[in-house]
Amino acid sequence: YEMSASLVGSEMCIRDSERTEPLWLNVYKKIKYDITTLKYKEGDYLPNELELTSIYNVSRITVRTALAKLADDGLIKRIKGKGTVVQRGKIGEPLLKIRGFTQEMKQNGLIPGTDYAKYEQKTVSGYVAEIFGVNLSKKFNVIERVRSINGTTVGYFVTYITPDVALPHDSSLYYGSLYELLEEKGIVVDSVTQTISAEIADKTTVKMLGLVKGEAIMVMKRFGYMNGKLVEYSICKYDGKRYEYKMEMKG
């Protein structure tokens, strides 16, 4: 966003195309961009209010309004006597689009990552076998992963893929997009159903996500279909302090 150096009262003029946008929102967007692009990393302190008024050539009330919005988003935390520290905030993912985690984060200009990945071919619980409609003796493709965004761990995923498809056994191949890997094997998810709930993190999730015992998490269960047949079942456990789902509905 470009701004001119001329002032009107205590605030600066902006281009005609930006005059409908409040100055505080312009400052908010600039600081948010610097946080999401890691100019300011988690744990860093932002310049103080006086310094920010000089950087953006706006009034102190404008800076405070922008910071209040950033705090509401969970991107910063005001610490009395110390300043404003950067947090990762909650990262939203739309509910109603068929995209994998990697594609969704890239679409939002974020950097997806995988901290841990493990592939196994093994028998599963009666419930999993039942929803896929296969015999308990069948060995499923089971992928266990810990996902991150911009270097911050956000979720622990366990994915079951139909035994009908042969997947590589090398765990190092599962650090990227699972959906892209599936497409290479002829599996294209064309419809999904998802459920979301809250529960207390179990021991494995506490360990994987670095949580505190007894902490609540958000759980998303995803059923992925190809031509009406279930091919993927994922249990995604998220650190609720850092991740949220959003839904847009139009009449």
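In the predicted model, Val 158 has a relative accessibility of 15% and therefore counts as buried, the cut-off for that class being under 20%. This valine belongs to strand β8, which spans residues 152-161. When residues up to four places away in sequence are set aside, Val 158 touches two groups of residues, namely Val 142, Ile 143 and Glu 144 on the one hand, and Tyr 233, Ser 234 and Ile 235 on the other. Glu 144 lies 14 residues from Val 158 along the chain, yet the C-alpha atoms of the two are separated by 4.5 Å.

The surroundings of Val 158 can be placed within the chain as a whole. The protein chain contains 7 helices and 12 strands, and 43% of its 251 residues are buried. Among the contacts in the chain with a separation of 6 or more, 59% are made by residues that stand 24 or more positions apart.

Strand β8 is part of an open sheet of 6 strands, which follow one another in the order β6-β7-β8-β11-β10-β9 with antiparallel pairing. The edges of this sheet are taken by β6 (112-122) and β9 (191-200), and each of these has a single partner strand, so that one side of each is left without a neighbour in the sheet. From one strand to the next, the twist averages 15 degrees.

The pairing can be followed across the sheet from β6. This strand pairs with β7 (residues 140-149) in the antiparallel sense over 10 bridges, and one pair of bridge partners is formed by Tyr 119 and Ile 143, the latter in β7. Ile 143 is also one of the residues touched by Val 158. Further along the order of strands, β8 is joined to β11 by 7 bridges, and the two run antiparallel; here the bridge partner of Phe 157 is Cys 236 of β11. Strand β11 (residues 229-238) is mostly covered, since 9 of its 10 residues are buried. On to β10 (residues 216-226), β11 is joined by 9 bridges, again in an antiparallel arrangement, and Met 218 stands opposite Tyr 238 in β11.

Strands β10 and β11 form a hairpin with 2 residues between the strands, and in this hairpin Asn 227 takes a positive phi near 55 degrees. Most residues other than glycine have a negative phi, whereas the phi of Asn 227 is positive in a residue that is not glycine. Asn 227 lies in the loop between β10 and β11, and with a relative accessibility of 68% this asparagine counts as exposed.

A second asparagine, Asn 57, likewise has a positive phi, of about 55 degrees, although it is not a glycine. This residue is found in the loop between α2 and α3, where a relative accessibility of 29% makes Asn 57 partly exposed. The same loop, which follows α2 (49-56), also holds Val 58, but Val 58 is buried, with a relative accessible area of 7%. The C-alpha atom of Val 58 is separated by 7.8 Å from that of Leu 23, which is 35 residues away along the chain.

Leu 23 also takes part in the contact between two helices. Two packed helices are described by the angle between their axes and the distance between the axes. For α1 (residues 23-36) and α3 (residues 60-72), the axes come within 8 Å and cross at roughly 55 degrees, which makes α1 oblique to α3. The crossing of α1 past α3 is right-handed. On the side of α1, the contact is made by Leu 23, Trp 24, Val 27, Tyr 28, Ile 31 and Lys 32, and on the side of α3 by Thr 62, Thr 65, Ala 66, Leu 67, Lys 69 and Leu 70. These residues divide into 8 nonpolar, 2 polar and 2 charged.

Another helix, α7 (residues 203-209), contains Thr 205. At 0% relative accessibility this threonine counts as buried. Apart from neighbours within four places in sequence, Thr 205 is in contact with Tyr 156, Gly 210, Leu 211, Ile 217 and Lys 237.

Notes. Residues are numbered from 1 along each chain as its sequence is written. This is a predicted model: local features need pLDDT of at least 70, side-chain atom pairs count only at pLDDT 80 or more; totals for chains, interfaces and linings use all residues. Side-chain values use heavy atoms; hydrogens and water are left out. Axes are lines fitted to C-alpha atoms, for helices over the stretch in contact, and angles run from 0 to 180 degrees between N-to-C directions. Helices (H or I, at least four residues) and strands (E, at least two) are DSSP runs, numbered from the N terminus. Angles under 35 degrees count as roughly parallel, over 145 as roughly antiparallel, 65 to 115 as roughly perpendicular and the rest as oblique. A crossing is left-handed if the near helix is turned anticlockwise from the far one by less than a right angle, and right-handed if clockwise. Contact means heavy atoms within 4.5 Å. Ala, Val, Leu, Ile, Met, Phe, Trp, Tyr, Cys and Pro count as nonpolar, Asp, Glu, Lys and Arg as charged, and the others, Gly among them, as polar. Two strands pair if DSSP finds at least two bridges between them. Buried means under 20% relative accessible area, exposed over 50%, partly exposed in between (1.4 Å probe, protein chains only).
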